[in-house]
Amino acid sequence: MINPLILSTFDTSGGAAKAAFRLHQGLKNIDINSRMLVEYKTSNDSTVIANTNKFEKLVNQMRPTLDNLPLKLYPNHEYGTFSPQYFPDFINSKIKNISTGIPDIINLHWICGYLKIESIAKFKQPLVWTLHDMWAFTGGCHYSLDCDRYINSCGKCIQLDSKNEADLSRWVWKRKAKAWQHLDLTVVTPSHWLAKVARQSSLFKNYPIKVIPNGIDIKKYKSIDKKVARKLLNLPLDKQLILSGAANSSYIRKGMHLLEKALQNLSDYKDKVELVFFGSLSPKQEYKTDFKCHYMGNLHDDISLALVYAAADVFVAASIQDNLPNTVMESLACGTPCVAFNIGGMIDMIEHQVNGYLAQPFDIEGLAKGIDWILSNSYPQKICDRARKKVEQEFNLELQARRYSQLFSEIIDRKYS
């Protein structure tokens, strides 16, 4: 019996956490004794373990502020995109005190704000690290955008607005290089793009890197009658709907500024199309558009998310750099085709003019053309069926869980044989 422990800062808050939690559920569904250890728990899953000690809870509340103190030296940095990870943690004592027994393999996920860099080298078990962004092999940023200094040793960090080789990013990189040079580590990436850049990095180029796509519960995310979905959400029945996640317009990586410009090229649709947004920010405060907007707010449960995807005619993800976004996978699972730029993990999910449209990076007219291609297509049901089929065949949760189970078994057998 395999006894994996999944480590994640959160269990259900944020895209990376949801992906980790889904894997945890998938492993349990195939009778793997999976447990999950998190810093912040919001689910009611009894196999997810979180801090109960009052002192540790207090420290955890202070941790983000204290861990970001070095960023005060860089007042022009892009806040929220850089993690030094130097503040001490309690992780090893937490693992030793798990009442159901010490795990035989540890699966790291998104652990920023949770683990100190040096703590990872102290684990006795083999490690499988599932990457959800680039942080593990950079000097602190989560997505490098146009920078490739992670190939060598970082320094002169663009995101810190630094001109100094020996800056915070070099310090973080050096700590990783020193602490992680002898890890019993296998790296897993959900997308082929992330595997490629990880193999180029100075920190991970000598470790085995495998691609295992994230999975999704295709019984929860499925095609629903469009009229029924719209009636339940109070959305118009006589309009075509463009769906997107709402992100802060200053958060460049999500590309909402590019979507805003692309919509300006679709003026002919003004009376026939309306926009639907979900997420943390209201687009009414962020974007100027002639289209009528419906803001659904934060949608945390699977049923609400599945309904809003099913209600839409097309989902648009305008990210300029991304791994394997849950939103695209969820949309395709619900039979709603997607439009995105031909970047990152979008290529793994969207087949150009088959189940969606891939515009050239970062062609605004191309993005608009992709939206138009779907909205004006003579055979929309064919595209929707292909979207659903893609997820059924390549991204279902059981397939992902069995791939991880096989990988865990191979690593454990190799270590103890």
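Where does H142 lie in relation to strand 5 and helix 4? In this predicted model, H142 is placed in the loop between strand 5 (127–130) and helix 4 (168–179). Its relative accessible area is 9%, and H142 therefore counts as buried, the cut-off being under 20%. The side chain of H142 makes a polar contact of 2.7 Å with the side chain of S83. When neighbours within four places in sequence are left aside, the residues in contact with H142 are T81, F82, S83, W110, C112, D133, M134 and W135.

A second histidine, H24, is found in helix 1 (residues 15–29) and is likewise classed as buried because its relative accessibility is 0%. The side chains of H24 and T47 are joined by a polar contact of 2.8 Å. Beyond the neighbours within four places in sequence, H24 is in contact with I6, S34, R35, M36, D45, T47 and V48.

Turning to the nonpolar interior, the largest core comprises 64 residues, within which I242, V328 and I371 have the most contacts. Helix 9 (residues 302–311) contributes seven residues, the largest share of this core. A second core, separate from the largest, holds 48 residues, including L115, M134, F137 and F204. In soluble globular proteins, nonpolar side chains tend to be buried together. For I371, the contacts outside its neighbours within four places in sequence are with I242, L259, L266, V314, V316 and V339. The last of these residues, V339, is separated from H142 by 197 residues in sequence and, C-alpha to C-alpha, by 24 Å in space.

Key: Residues are numbered from 1 along each chain as its sequence is written. This is a predicted model: local features need pLDDT of at least 70, side-chain atom pairs count only at pLDDT 80 or more; totals for chains, interfaces and linings use all residues. Side-chain values use heavy atoms; hydrogens and water are left out. A nonpolar core is a set of buried Ala, Val, Leu, Ile, Met, Phe, Trp, Tyr and Cys residues joined through side-chain atoms within 4.5 Å. Buried means under 20% relative accessible area, exposed over 50%, partly exposed in between (1.4 Å probe, protein chains only). Helices (H or I, at least four residues) and strands (E, at least two) are DSSP runs, numbered from the N terminus. Contact means heavy atoms within 4.5 Å. A polar contact is a pair of N or O atoms within 3.5 Å; within protein, one must be able to donate a hydrogen and the other to accept it, and residues adjacent in sequence count only if both atoms are side-chain atoms.
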